[in-house]
Every structure is written in structure tokens, then in C-alpha cells.
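Visitor: I have just started learning about proteins. Could you walk me through this one?

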Amino acid sequence: MKKINCGVIGVGYLGAHHARIYSEMETVQLVGVVDSNPERAEEIANRYHCSVFPTAEALAQQCDALSVVTPTSTHASVAIPLLEHGCHLLVEKPLCTNLNEAEQMIQAAQKHQCYLQVGHVEHYNPVYRFLATHIQKPKYIVADRLAPFPNRNTDVGVTLDLMIHDLGIVLQLVKSPIQSIEAIGVNVMSKNVEDIANARIRFENECIANFNTSRVSAKKERTIRIFQPEGYLSIDFMEQRGHRMWKEDGQILNEEIPFHKAEPLRVELNSFIDCILKAHQPEVDGYLARSALEVALSITHQIHNNALRA
Ligand code: NAD
């Protein structure tokens, strides 16, 4: 069986999981890792039986495909030379920090005929797959995403860090241009970026979506409730469970939705390798990631212009 030679750039919290999963995949040979922290690179290379490379370019020489799992503000500067080298990339979400960089990454991937997949991992969660096939005409959506303050790099606010997951999902489900966005947010633990953000998006097809995101929370929550004519769905991304309620013959019915649970990151990496083996475009490509980023940046600008308070 043909194996794809893979590597990981940035093996902090999430990059270590990319390395773990690649090392377990039958279709992949994990060649090596790069990290600006040499001890961390050594630790992860030893754990998953691969080599440490001094630079991303040196690793790219030996690989067909790479994951870029460095802090968000470095994604474009790390990814563009690798695309120019002809490497297929899985860049973690958010794609980058501005639309100019996003355009350059998309153009570089096109010019050098590389696949560019972006790590919007919830799109690979089994519960999203259910939503994508059971939501026809959403009228009202509530997305809640809460997490404790992370013990890692927080170079972007919570909108680009966490809300972007829900923005990507809702844009895919609603399939309508946006009419207006209202957003507020505050910083709590961070100095210059928001840790709590609340946004309301009105779509031209009259759907309204409310997003409530915090990274200053004792508990973790990743849920979405979607109301459409004659019923609603309530889904928990973390627990991978949910239920639906609907009206039939004048009665209100309610049922649990059965899901086959799966590790979303594993599904995402399998899908990336599948694109390369079978030569098809990624499900979550640079265009989808750019549209989520564009909305996230509008929300961030409103928060910073209007309401960011210490
Ligand atoms: P982290 O700080 O734990 O890890 C980043 C690693 O990159 C560190 O080990 C650091 O030393 C290394 N690094 C920094 N600059 C580098 C460079 N130029 N070249 C090589 N290595 C470099 O951060 P993290 O939590 O793993 O987040 C990394 C990225 O993954 C971020 O973009 C974040 O948004 C994303 N992320 C996505 C999800 C998800 O659900 N999809 C979850 C967590 C993080």
C-alpha cells in the first residue's frame, strides 16, 4: 500500500495529537517534527518514533504532506513557503489572522497544485454530519462554546480561537448571505484581545444565529440548538449526543439521536490523507476557512471598536 510521508510543524498541545494520529495511521509514514522549542520536538519525536528536523523546509524535503500547528499568527509565514515547495498542507484553524494572508495562502496552494485543508475539526465531528443532512430551513440558532482559560499560546482573541468553529458550521448550514452582525466582547485574562464574545448574525433568508463564546469558564461546553419549522435539534459536540423534538399529527415528539462516536481529529486527518490518495479537494478548504475568518474578523473589529473593556 502506498504510504504518504507526513510531518508536523509545531508540536505543542494540539500538534502532539496530530503526530500521535499520523503515527497510528496505516496509510501514513510519520517522518518527523519541527518545533521552535527543541526539547519539545525531541520529546514528541521520541514518543512517536520519528526524527526531529531543524527547519520546516528541511522536513518538507522529505514529506508529501505536513500539518501546520504553530500559533495562529505564524500560520501564513510558515505555510506559504511550504506550499511553494509543493507540500500538501493541513493548517490548523483559524487559517491565519487577516484576509490578505488568507488570499496569499489560497493562491499559493492553487499555483503549486497543493491541497490546503484547514483544521475546522467540528466539521469532522459525527454530530456535524448529522446536522448537515437534517437541517433544511433553520430559523434560529444558538451556539454556546465555553472553555477554561488555556495554558498555551493565546495570540488571538476568543472569536478567532473558539467562535470560529461555530461560525464555520453555521455558515455551512444556513447557506445565505449575511444581512448584519452585532457583537460585544470583553477581555478578562488577556491584555489586548477578547476572552468573552457574544455575536448575533442576521441572514438575508431571515435566519438569526446567536453565538456565545468564552474562554474564562470553569466548565467546558460545546453545544448548538437549531430551530426550524415544526421542530428543533439540540446537539452536544463534546459528548457527541443530542435529541430532536418535532410536531407530528398535533403531537410533540422527542427522541435521542444515535451517533457512532469518533475522534474528530482522527476523522479530519484521515480525510486529509484521503484527498491526497484519491486526488479530491478537501471538504474544509481555504475558501470555507476564509469565509469563516472574514466573519470572525468583522466580529473582532466591532468588539475592539466598540466594547472591549478591561
Ligand atoms: P501551543 O502553544 O500548545 O503549541 C504551538 C507550538 O508551536 C509550540 O510548541 C511552539 O514552540 C511551536 N512554534 C511556535 N512557532 C513556531 C514556528 N515558527 N515553527 C515551529 N514551531 C513553532 O498551541 P496549540 O494549542 O497547539 O495551538 C496551535 C494551533 O492549533 C493554533 O492555531 C490553534 O488555534 C490551533 N488549535 C486548534 C484546535 C482545534 O480544535 N482545531 C484546538 C487547539 C488549538
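**The ligand and its pocket**

Guide: Happily! Let us begin with one contact: a polar backbone atom of Leu14 sits 2.9 Å from an oxygen atom of the ligand. Keep in mind that this is a predicted model.

Visitor: How much of the ligand's accessible area does the protein cover?

Guide: Taken on its own, the ligand has 850 Å² of accessible area. The share of this that the protein covers is 81%.

Visitor: Which residue has a polar side-chain atom 2.9 Å from a nitrogen atom of the ligand?

Guide: Let us sort the contacts by the atoms involved. Tyr13 uses a polar backbone atom, 2.9 Å from an oxygen atom of the ligand, and Leu14 also uses a polar backbone atom, facing an oxygen atom. The residue with a side-chain atom 2.9 Å from a ligand nitrogen is Glu92.

Visitor: How much space lies in the largest pocket?

Guide: Picture the walls before the space. The lining has 45 residues, and those closest to the pocket's centre are Tyr13, Leu14, Lys93, Arg152 and Asp161. The space in this pocket is about 1,300 Å³.

Visitor: Which element gives the largest share of the lining of that pocket?

Guide: Several elements supply at least two residues each, among them β7 (140-146) and α7 (158-174). The largest share is five residues, and the element that gives it is α1.

Visitor: How many residues of the lining are charged?

Guide: The lining can be divided into three groups. The nonpolar group has 18 residues and the polar group has 13. The number of charged residues is 14.

Conventions
Residues are numbered from 1 along each chain as its sequence is written. This is a predicted model: local features need pLDDT of at least 70, side-chain atom pairs count only at pLDDT 80 or more; totals for chains, interfaces and linings use all residues. Side-chain values use heavy atoms; hydrogens and water are left out. On a 1 Å grid over the protein atoms alone, a cavity is a set of points where a 1.4 Å probe fits but cannot get out, and a pocket is an open set with protein on both sides within 12 Å along at least five of seven lines; lining residues have an atom within 4 Å of a point. Grid points are joined across faces, edges and corners, and a volume is the space filled by probe spheres set on the points. Helices (H or I, at least four residues) and strands (E, at least two) are DSSP runs, numbered from the N terminus. Ala, Val, Leu, Ile, Met, Phe, Trp, Tyr, Cys and Pro count as nonpolar, Asp, Glu, Lys and Arg as charged, and the others, Gly among them, as polar. A polar contact is a pair of N or O atoms within 3.5 Å; within protein, one must be able to donate a hydrogen and the other to accept it, and residues adjacent in sequence count only if both atoms are side-chain atoms. Accessible areas come from the Shrake-Rupley method with a 1.4 Å probe; for residues, only the protein chains shown count as cover.
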